[in-house]
Amino acid sequence: MLTKVKYRNSSRMSQCHCDRYSRPAHIVNLICALCVLCGAAAVTSCEDMLESDSNRQVFEPALDQKTDSVFYAYGIMQAMQQLADQYFFQNEMRGDLVRPTDRATTHLRSLASFTADATNKYDSVYLYYKVINNCNYYLAHRDTTLATGAKNVVCNEYAAVASFRAWTYLQLARQYGAVPYVTEPVTTISQINANTSMTGYETILRGEAQMLETLKARYSEEQLSVPTFNQTSRSVGMLNWTNDRGQNVEKFIRPSKCFVPLNVVLGDIYLELGQYEQAALCYYQYLRYEGSLDHNISVNFTDPMETYFSQYSPIFKDFTEWPADYNSAKNYSLYNSSPMWENSFIHTSSPGDVITYIPMAVNYTMGKTTEIPAAFGYNYYATEHNASLIVDDPMTTIFNCPKTEDIQVVPSQAYCDSARRAQYYYYTEQVKVSPFNWIVKNEPLGDARASMICQGEGADSASVYTYKPSTAYVYLYRNATVWLHLAEAINRMGYPDAAFAVLKNGLHSELPNYRYLEVYLTDQQGNDSIDENGNRVLDMTQSHIDDKYYLTPESYELLTTRLPFLAQANADIFRNGASKSFVGIHFHGAGAVEDLYSSYRYSTVLAAKIAEVSRTFGLGLTSYTKDDYINAMEDLLCDEYAMEFAFEGTRFSDLRRLALHKNRAATYGAGFGDVWLSRMLQNNAPGITTQNCYLPYK
């Protein structure tokens with residue numbers, strides 16, 4: 001929305017207001033969105049964190065000058081800020097990874113129990129349509145031919161606004177199912193009255209995909225990249241409090257991280273629709289052309305039990321010492337000169353592997369604030385640091401937000417149990433025969449990513465804090481998101497081993513070393529050598545056929561042709577060296593899973609997961625098909641999402657999407673996805689399915 005708007009005639013606004021209570025709810029929401037576009041809710045403080053630097057006073061919406069659109073771009077970001085809390089809580093509270101405490105508000109409790117009604121403060125489609133209507137106005141009126149010399153100065157921003165709208169409709173579809181599909185700006189009452197019909201989410205998502213595909217056909221990869229406004233970093237003000245060293249804390253944003261890359265949201269739309277190859281191709285194109293500018297950063301984690309993490313996290317409270325055969329020198333070498341996983345959740349303009357965030361204001365006078373940190377026990381808007389609460393905080397060097405005991409949301413028992421039971425992989429000794437390598441053992445020592453949870457001591461020992469929500473950045477996408485969604489798509493394409501590679505190794509130049517390879521002996525004329533039984537003879541000097549090697553020839557072909565991560569043309573982009581630019585995502589919390597001699601192997605891990613699925617759902621599986629492997633790989637990815645993205649506001653959408661995949665595949669019956677989803681959410685509300693999970697539309 002515009003930060004400064006004046007209208008000569010305000011009669012529309014009064015008409016909107018007086019009609020509000022006599023109209024159906026979904027029309028009222030569109031009226032509210034109209035009011036925002038016309039300026040009723042657009043006037044903000046001149047100190048707003050997203051205020052444009054331009055002094056130009058806008059009297060009518062105009063998008064035919066090069067400088068006009070900065071107002072609209074920041075206006076859309078302001079609408080995203082107002083949506084941020086609702087987006088986060090709708091996804092996190094309706095998932096299985098958190099639970100409300102006895103101090104939680106009724107609004108949070110009813111979200112978690114799937115009993116939210118029209119009075120719930122986090123159930124307002126108006127906030128979604130506020131973003132959509134601002135995008136619609138921009139897309140309808142922006143002059144896309146403006147250029148400086150030979151360079152078009154509009155295309156990046158135009159694609160970014162289209163991506164905002166597509167992302168917003170995707171969230172609406174996930175939370176509400178069928179909604180009005182409005183693609184033109186709503187600026188009159190007659191237009192509102194014309195938009196009363198509900199459209200199914202699949203129709204809406206196909207329409208948004210078509211819009212984005214049109215832009216992909218029109219613009220180059222460079223022109224589709226997110227805009228930067230020629231700023232790498234911008235201060236949005238000082239926090240009200242100082243850190244534990246008495247230092248003032250300043251908040252910065254990076255404008256490019258306030259936008260959603262087109263290929264990422266288009267990939268997510270295709271993934272939601274079950275168009276898996278199209279989704280995988282979009283993710284590849286992002287990682288290859290735009291994500292590579294940030295080096296597709298993969299992040300590692302320190303040993304979770306070796307230093308201070310174990311004594312503060314409730315996940316590791318019972319841990320005493322490493323196994324006797326733990327090789328500390330070899331394990332430590334994993335992390336040298338490597339970016340750390342927890343650096344994705346620090347108070348900085350460009351944290352870790354974050355692609356897109358919604359940055360919230362530092363205080364009430366500077367723009368839209370957020371209630372998310374407070375729900376998790378952080379007094380982000382405190383006026384001074386609260387030193388009275390006893391919390392041994394191992395993360396003070398990263399971020400030290402004031403804390404309170406008024407915690408409304410904590411990790412669920414399901415999350416804690418899953419993290420606690422997780423296997424951790426560690427090096428023991430070097431293999432003495434060629435090829436020289438290291439043996440890797442595993443123990444149920446817990447997932448290192450759970451170290452982001454901290455527990456108080458003494459009188460405050462009942463307080464449990466979760467670091468991720470403490471920064472007042474609402475994360476929408478990280479590079480890990482793209483890699484794992486890529487794995488989800490590849491798996492459903494029929495390549496579960498290639499999906500497993502994203503968890504174990506990462507898709508990079510060293511992955512061919514893990515090919516399951518059968519090479520046969522030939523004679524001088526090139527004919528197959530045949531043994532006495534008439535069978536071809538394996539060349540054992542070249543073949544790699546035991547369970548350490550898992551990437552099938554079919555998957556290798558996929559990754560060198562249709563999704564050419566391993567193609568020679570990309571050899572310098574997806575390349576691993578001593579610095580480990582790429583690692584398997586499971587590495588973030590489980591340690592040395594990538595090693596050739598690690599017991600984290602495709603055949604072993606997937607067989608165990610199939611057996612678990614069979615027991616849980618009473619399937620009685622005795623022999624396994626490829627479809628069994630695909631379903632189990634998907635459940636493995638679901639586990640990974642829990643550890644990687646917990647407390648970031650994505651869980652309900654992830655569960656619903658995976659349930660839709662299972663329904664479409666019908667591996668264990670047409671409604672298996674609904675049975676699976678109900679099982680996952682049984683601690684929230686029994687009987688939740690993809691049919692009855694939607695929020696009331698108001």
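Where is the place of Phe647 in this chain? In the predicted model in front of us, Phe647 sits in the loop between α21 (626-645) and α22, where helices are DSSP runs of H or I with at least four residues, strands are E runs of at least two, and both are numbered from the N terminus. Before going on, I should say that this is a predicted model, in which local features need pLDDT of at least 70, side-chain atom pairs count only at pLDDT 80 or more, and totals for chains, interfaces and linings use all residues. Residues are numbered from 1 along each chain as its sequence is written, and side-chain values use heavy atoms, with hydrogens and water left out.

Phe647 has a positive phi of about 70 degrees although it is not a glycine, and at 4% relative accessibility it counts as buried, a word that means under 20% relative accessible area, with exposed being over 50% and partly exposed in between (1.4 Å probe, protein chains only). Phe114, likewise not a glycine, has a positive phi of about 60 degrees; it is placed in the loop between α4 (106-112) and α5 (125-141), and its relative accessible area of 18% makes it buried.

Turning to helix α22 (residues 651-665), we find Lys662 there, and this lysine counts as buried because its relative accessibility is 2%. Leaving aside neighbours within four places in sequence, Lys662 has contacts (heavy atoms within 4.5 Å) that include Glu634, Asp635 and Trp676.

Next, the helix pair. The axes of α6 and helix α8 (residues 201-218) come within 10 Å and cross at roughly 165 degrees, the axes being lines fitted to C-alpha atoms, for helices over the stretch in contact, with angles running from 0 to 180 degrees between N-to-C directions. The two helices are therefore roughly antiparallel, since angles over 145 degrees count as such, under 35 as roughly parallel, 65 to 115 as roughly perpendicular and the rest as oblique. Among the residues making the contact are Tyr158 and Tyr169 of α6, with Tyr201 and Met211 of α8.

Finally, what about strand β5 (residues 248-253)? Its side chains alternate, so to speak, by face: Val249, Lys251 and Ile253 point to one face and are buried, while Asn248, Glu250 and Phe252 point to the other and are not. Strand β4 (residues 234-242) runs antiparallel to β5 and is joined to it by 4 bridges, where pairing requires that DSSP finds at least two bridges between the strands; the bridge partner of Thr242 in β5 is Asn248.
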